[in-house]
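Student: I would like a close look at a single part of this structure, taken slowly and with its surroundings included. Here is the model I have in mind.

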Amino acid sequence: MDRATDPCTDFYRYACGGWLDSTPLPNDETRYGKFHVLRDRNNETLREILETTAAVASPTPEQAKLGQFWRACNDEGAIEAAGLRGLAPLFAEIDGVRDAAGLLAVAGSLQRRGVKVLFELDVEPDYKAPEINIAYLSQGGLGLPDREYYLGTDAGFVALRDGYRKHVERMLELAGAEDADRLAGDVLAFETQLAKAGLPREQLRDPEQRYHKVDRAGLSSTSALPWDAWFTAAGRPDLAELSLTPPSYFAALPGIVASVKPDVLRAYLQFHTLHTAADHLPSAFEQENFAFYGKALRGQKQIAPRWKRCVEITDRALGEILGRDFVAKRFGGKSREVALGMIRDIESSFAAGLPSLGWMDEPTRAQALGKMHAIVNKIGYPEKWRDYGSLAIGDDHLANLAAATAFDFDRRAREIGQAVDDSQWYMTPPTVNAYYNASGNEMVFPAGILQPPFFASDWPMTMNFGGIGMVMGHELTHGFDDQGRKFDGAGTLREWWAPAVAGRFEDRAECVDELYSSYEIQPGVKLSGKLTLGENIADLGGIKQSHRAFHQWAKTNGLDPRAEALDGLTHEQLFFVAFGQIWCTNASPETERVLALTDSHSHPRYRVNGPLANLPEFGEAFACEPGEPMRPANVCEVW
Ligand SMILES: [Zn+2]
């Protein structure tokens, strides 16, 4: 804490100042906060598991996969010796591209290998019939983090574009391309056209904007490209319908493709193939990739040690094998039971708050309550673990990665047109995060976040409610934010709100938008209130639900004497400090700028100060005077 700061002026600084000052950003990170401290602890556990597993004398087939993947990933000598050999088959395909049909075929086969060129395929429940999965094709195919980087005119964007062009040139050169200088400029121009054709991120928040279902004839008439080639290469030639995000992007695509020469298309595909694999290629590629994406774009000083990156890649590739041991080591005892009890308390708190929301009417209120009762809660780890039986893992790291990526892609592609499997998780158990999924109307809390400083089953509940309790309230409120509110309790995108009530919701959301748009993270860099709207609504609701739940809990169970006057704080103050401290985060200025444009979450300072300044109970707990920054006269309230 920083006791010298007045909690009524800047609570984030008051709660986090000591930590922020004593925990400089590590050289191999772009941002570092309490989430990352926990991630590091989880990664240490995973590393132990992986080293132990790799040393097992007669491993089970699953242990063998884990051990081999880990060993191959860490074998820098073998990676160096292999050179670009592993990419040779893909490069041969790319070399054959002469026209749009060739381009689409290679794009499909690259997508299966995780190289997202031109656009991206996602498999998600049909927004209007959420029991069935459909394919969503979305705008994409850019090497820079957002379209704004291609279109923005200020000096920072111009410099980064120039850095990107040089980076593309060097990557192509390293792979032996001739004329890399000209090609890099043409690739940048091609991507700029793609960027122009796409919609800004904020507009795509609206689920109606993301949902445009067409059949194959509809796709061809929207977008005159040889689509059969793509679907065949992606392994689903039979696909009958899909959703386009947005159709205007796909309508523009044929003209963009026709406007460039085949050698530019080939360079574009080659660069993205190298870019996707860069971290798993010889060090010349790895270093060049880091110099642009790590250093120039995000202000990272050093590349992270290999083992750290290998832990994360193994988690991505084989997360539901690795996660089982993690859960056994780190999520035992009463954790699940205590966490579930807290979710029930948060849900009761949300329900208890509904009657006092004057902007709702009775029918909408009743439906909201029904939706809340229908939420499915998943805690810790999946009931059913994924079967990796058909995935072959050997000694070649790049080949392992390709196999794991294709395995995952094929699994998802097979699900298109099939009934949604409700038991699936979209995060692995060690992940320090949580999510709300609108189509499934479910909240998911991996074991990785159900750890200190968010939660411990034997901690004073004052701190648990300030920590994970707020996260639970946040995820619950996502079900009712500007996006979530458009889905009903069964996960169907449909209008269930009375128009007048929806209008009053929009007015309240507008208050949140304006407030967060006024927050400056660096001189001249403001948050986008529109991009972060859903997260901010969830933050405002989350702390309120959790605070009310804590009071209700204390009424029944009494307050924990261990937390009495801890650090001289009242229980009430400790609750808010526990909340504030989970968001303590240092970041490089470069990364803060990237996040302001791309992250749907607000800067940590405002994830703390925003919600608390809008919660009158906070001002009371710290005896803030009306009119002080943390106790403004006008507050925004949605849920
Ligand atoms: Zn969220």
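Student: Why is strand β8 (residues 442-446) largely enclosed by the rest of the structure? Please start there and work outwards to whatever the strand touches or leads to.

Tutor: Please keep in mind throughout that this is a predicted model. Strand β8 is largely enclosed because 5 of its 5 residues, 442-446, are buried. The burial concerns both faces of β8, with E442, V444 and P446 buried on one side and M443 and F445 buried on the other.

The partners of the strand come next. Strand β8 belongs to an open sheet of 3 strands in the order β6-β8-β7, and the pairing in this sheet is mixed. Strands β6 and β7 stand at the edges, each with a single partner strand, so one side of each is left without a neighbour in the sheet. Neighbouring strands of this sheet are turned by 15° against each other on average, if direction is ignored. Two helices pack on the sheet. Helix α17 (residues 335-353) touches β6 and β8, and its direction makes about 150° with that of β6. Helix α20 (residues 461-478) touches β7 and β8, and the direction of α20 makes about 150° with that of β8.

In general, strands of a sheet pair through backbone hydrogen bonds, in either a parallel or an antiparallel manner. On one flank, strand β6 (residues 376-380) runs parallel to β8 and is joined to it by 5 bridges, and among the residues involved, N377 has M443 of β8 as its bridge partner. On the other flank, strand β7 (residues 435-437) pairs with β8 in the antiparallel sense over 3 bridges, and here Y436 stands opposite M443. M443 is therefore a useful landmark when you inspect the sheet, since the bridge partner of N377 is M443, Y436 stands opposite M443, and M443 is among the buried residues that make β8 largely enclosed. The hairpin of β7 and β8 has 4 residues between the strands, and in this hairpin N441 takes a positive phi near 45°.

Helix α20, which packs on the sheet and touches β8, also leads to the metal site. The protein donors of the zinc ion are H474 through NE2, H478 through NE2 and E535 through OE, and they lie 2.0 to 2.1 Å from the ion. In sequence these donor residues are spaced H-x3-H-x56-E. Since H474 lies in helix α20 and E535 in helix α22 (residues 533-557), the pair ties together parts that are 61 residues apart in sequence. Both H474 and E535 are buried.

For the wider setting of the chain, it is worth turning to the covalent links between cysteines. A disulfide is a covalent bond between the sulfur atoms of two cysteines. A search of the whole structure finds 4 disulfides, and when the bonded cysteines are numbered in sequence order, the pairing reads 1-7, 2-6, 3-4, 5-8. Among them is the link of C8 and C624, whose sulfur atoms are 2.1 Å apart, and which is left-handed, with -85° about the S-S bond. C8 lies in the segment before α1 (11-22) and C624 in the segment after α26 (616-621), so this pair ties together parts that are 616 residues apart in sequence. Both C8 and C624 are buried.

Another of the disulfides joins C73 and C310, with sulfur atoms 2.1 Å apart, and the link of C73 and C310 is left-handed, with -90° about the S-S bond. Because C73 lies in helix α3 (residues 61-74) and C310 in helix α16 (residues 306-330), the pair ties together parts that are 237 residues apart in sequence. C73 is buried, with a relative accessible area of 0%, and C310 is buried as well, with a relative accessible area of 1%.

A further disulfide is formed by C511 and C636, whose sulfur atoms are 2.0 Å apart, and with -85° about the S-S bond the link of C511 and C636 is left-handed. This pair links distant parts of the chain, with C511 in helix α21 (residues 499-517) and C636 in the segment after α26, 125 residues apart. C511 counts as partly exposed at 27% relative accessibility, whereas C636, at 8% relative accessibility, counts as buried.

Terms used: Residues are numbered from 1 along each chain as its sequence is written. This is a predicted model: local features need pLDDT of at least 70, side-chain atom pairs count only at pLDDT 80 or more; totals for chains, interfaces and linings use all residues. Side-chain values use heavy atoms; hydrogens and water are left out. Buried means under 20% relative accessible area, exposed over 50%, partly exposed in between (1.4 Å probe, protein chains only). Two strands pair if DSSP finds at least two bridges between them. A disulfide is a pair of cysteine sulfur atoms within 2.5 Å. Axes are lines fitted to C-alpha atoms, for helices over the stretch in contact, and angles run from 0 to 180 degrees between N-to-C directions. Contact means heavy atoms within 4.5 Å. Donors are N, O and S atoms within 2.8 Å of the metal (3.2 Å for Na, K and Ca); water is not among the atoms, so sites may look incomplete.
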